[in-house]
Amino acid sequence: MHSSPSCRLRPSSTNTWRLDLANAKIKRIAILGATGSIGQSTIDVVLRHPDRFKVETLTANTNAHQLAVLCEVLSPSTVCMADGEAAAQLSRLLEKKGIRAEVLTGEEGLIACATHPSVDSVMAAIVGAAGLKSTLAACQAGKTVLLANKEALVMSGALLIEAIQQGGATLLPIDSEHNAIFQCLAPHTRADLRSKGVRRIILTASGGPFRTRARDSLARVTPDEACAHPKWVMGRKISVDSATMMNKGLEIIEAHWLFGAPREQIEVVIHPQSVVHSMVEYVDGSVIAQLGNPDMRTPIAHALAFPDRIESGVESLNLPAIGGLNFEKPDTNQFPAIRLAYEALQAGGTAPIVLNAANEMAVASFLSGKLPFLAITQVIENVLQGSAPEPVSGIEHVLAVDSMARELAAIAIQRACERR
Ligand SMILES: NC(=O)c1ccc[n+]([C@@H]2O[C@H](COP(=O)([O-])OP(=O)(O)OC[C@H]3O[C@@H](n4cnc5c(N)ncnc54)[C@H](OP(=O)(O)O)[C@@H]3O)[C@@H](O)[C@H]2O)c1
């Protein structure tokens with residue numbers, strides 16, 4: 001990890017490090033997935049600091065009306081709707097409002113927004129595998145990449161890390177847990193953790209809406225029940241991932257790639273209050289934690305301004321009002337997703353691609369009311385068992401395995417729905 005291009009750390013005469021504010025300039029931002037939960041929180045933080053940030057490009061998939069409103073507020077030079085019809089609709093809306101912005105579409109358009117020559121920092125907040133190519137392109141183009149799109153890293157960790165190194169990019173984690181670990185680890189990030197005295201990375205997990213429910217009672221839960229997270233307001237896919245705890249599974253793999261941590265060094269602990277966002281234990285017994293209210297504007301502000309600190313709109317933490325912080329061991333019988341993710345990480349190669357693709361398919365099927373909740377992890381396990389892991393040879397291989405796993409998942413989903 002290194003400092004942003006606009007605001008570097010330099011040695012001062014007293015041999016300490018200070019910010020070279022004289023060279024600071026406005027950061028120009030791309031927001032991929034601007035209409036989503038992370039996109040909206042990013043815009044909230046950006047609008048608090050017009051002296052620091054200017055939004056250059058915005059992207060969405062189908063929500064042209066919302067993107068048109070964002071164009072009115074943020075005046076980007078370039079926008080992209082991944083969906084062709086939505087792009088045409090956005091062009092009409094912008095023309096009516098008299099707003100000038102170049103409207104692009106498709107994967108090419110997403111990549112053009114991610115690699116726009118004026119952009120310094122890219123918020124990668126498209127949900128799922130759909131964000132992979134634009135995130136990879138931003139890394140290759142040497143941007144500062146603020147990574148929310150964990151699925152991209154799960155699918156192609158080695159390729160993304162290689163692209164970051166070759167492209168001279170900077171990767172800053174947005175997931176609250178990984179952003180917390182980054183804060184507890186810095187400046188050791190992606191160095192050999194053992195030689196830096198790190199014993200364990202401890203990922204905290206709220207346990208989701210079904211933490212205290214017996215597994216049998218979850219057979220008939222609805223998408224709305226699964227999306228009603230007790231602590232975080234998020235998009236529907238990640239909300240279901242939190243309910244199955246596959247979100248934590250994906251985060252185990254994400255931590256492996258972000259911090260170069262082996263499987264045995266990454267642990268999960270349930271922490272229902274979602275106040276401790278994660279911890280790092282050192283060999284001397286010190287455990288460093290990052291705390292804060294559960295609000296994504298904190299990690300977003302941290303990464304947007306890094307290495308500065310800026311106001312995010314998040315309220316001060318009131319520990320006496322919270323009263324107590326609890327921690328529990330996760331129950332992997334109740335939540336098999338954690339076990340499946342550890343197994344995929346252990347198997348390596350293409351296994352995490354298969355895990356992610358099967359999960360995306362199963363969650364989409366659950367959200368559309370077809371697949372029962374408990375069948376989500378059964379489908380993933382079936383697909384993993386049916387595909388032998390092999391070494392990843394490149395991005396085309398990643399995409400081929402992703403589509404093969406989606407075909408297997410479609411068959412497994414069909415069978416599970418027939419058994420219903
Ligand atoms: N929400 C959180 O608190 C949180 C926390 C940590 C990590 N994350 C991660 O951040 C990412 C985004 O999560 P979210 O909760 O913000 O999701 P979300 O609310 O569902 O938003 C997803 C965004 O991606 C766009 N999108 C969807 N499909 C697309 C496609 N095929 N091509 C291009 N764009 C597409 C959507 O556009 P439309 O609106 O037009 O559909 C929307 O802008 C996920 O990877 C998630 O795991 C989220």
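## Starting in the four-stranded sheet

Strands β10 (residues 198-205) and β12 (residues 276-282) run antiparallel and are joined by five bridges. To find a way into that pairing, look at I202: its bridge partner in β12 is M279. Helix α7 (residues 176-185) packs on this sheet, where it touches β10, β12 and β13. Its direction makes about 40 degrees with that of β12. Before going on, keep in mind that this is a predicted model.

Zoom out a little and the sheet turns out to be open, with four strands in the order β11-β10-β12-β13 and mixed pairing. At the edges stand β11 (266-270) and β13 (287-291), each with a single partner strand, so one side of each has no neighbour in the sheet. On average, neighbouring strands here are turned by 20 degrees against each other, direction ignored.

## The seven-stranded sheet

There is also an open sheet of seven strands, and its pairing is parallel. Reading across, the order is β6-β5-β4-β3-β7-β8-β9. Which strands sit at the edges? Those are β6 (102-105) and β9 (170-173), each pairing on one side only. From one strand to the next, the twist averages 20 degrees.

Two of the pairings are worth a look. Strand β4 (residues 53-60) runs parallel to β5 (residues 78-81), with four bridges joining them, and T57 stands opposite T78 in β5. Over at β9, strand β8 (residues 144-147) pairs with β9 in the parallel sense, again over four bridges. There, V145 stands opposite L171 in β9.

## Helices on that sheet

Helix α3 (residues 84-97) packs on the seven-stranded sheet and touches β5 and β6. Its direction makes about 170 degrees with that of β6.

Then there's α4 (residues 106-114), which lies across β3 (27-32), β4, β5, β6 and β7 (121-124). Helix α4 runs at about 150 degrees to β5.

## A kinked helix and the strand after it

Now for α6 (residues 150-167). It has 18 residues, yet its end C-alpha atoms are only 20 Å apart, short of the 26 Å that a straight helix would reach. Where is the kink in α6 centred? Put your cursor on S156: the kink is centred there and comes to about 105 degrees. S156 is also one of the buried residues of α6, which include its neighbours M155 and G157. Others among them are K150, E151, A152, L153 and V154, and further along L159, L160, A163 and I164.

After α6 comes G168, with a positive phi near 70 degrees. Next up is edge strand β9. In a regular strand, side chains alternate between the two faces of the sheet. In β9, T170 and L172 point one way while L171 and P173 point the other, and all of them are buried.

## The whole protein

Add everything up and the protein has 16 helices and 13 strands. Its radius of gyration is 21 Å, close to the 22 Å that the globule rule gives for 420 residues, so the protein is as compact as a globular protein of that length. The C-alpha trace spans about 60 × 60 × 50 Å along its principal axes.

What share of the 420 residues is buried? Buried residues make up 50% of them. As for contacts between residues at least 6 apart in sequence, 70% join residues at least 24 apart.

Methods: Residues numbered from 1 in each chain as written. Predicted model: local features only at pLDDT ≥ 70, side-chain atom pairs only at ≥ 80, totals over all residues. Pairing = 2+ DSSP bridges. Helix = DSSP H or I, 4+ residues; strand = E, 2+ residues; numbered from the N terminus. Axes fitted to C-alpha atoms, helices over the stretch in contact; angles between N-to-C directions. Contact = placed C-beta atoms within 7 Å. Rg over C-alpha atoms; globule rule 2.2 N^0.38 Å. Buried ≥ 20, exposed ≤ 12 C-beta atoms within 10 Å, placed from the backbone. Expected span 1.5 Å × (residues − 1). Bend = angle between axes of the 7 residues up to and from the residue.
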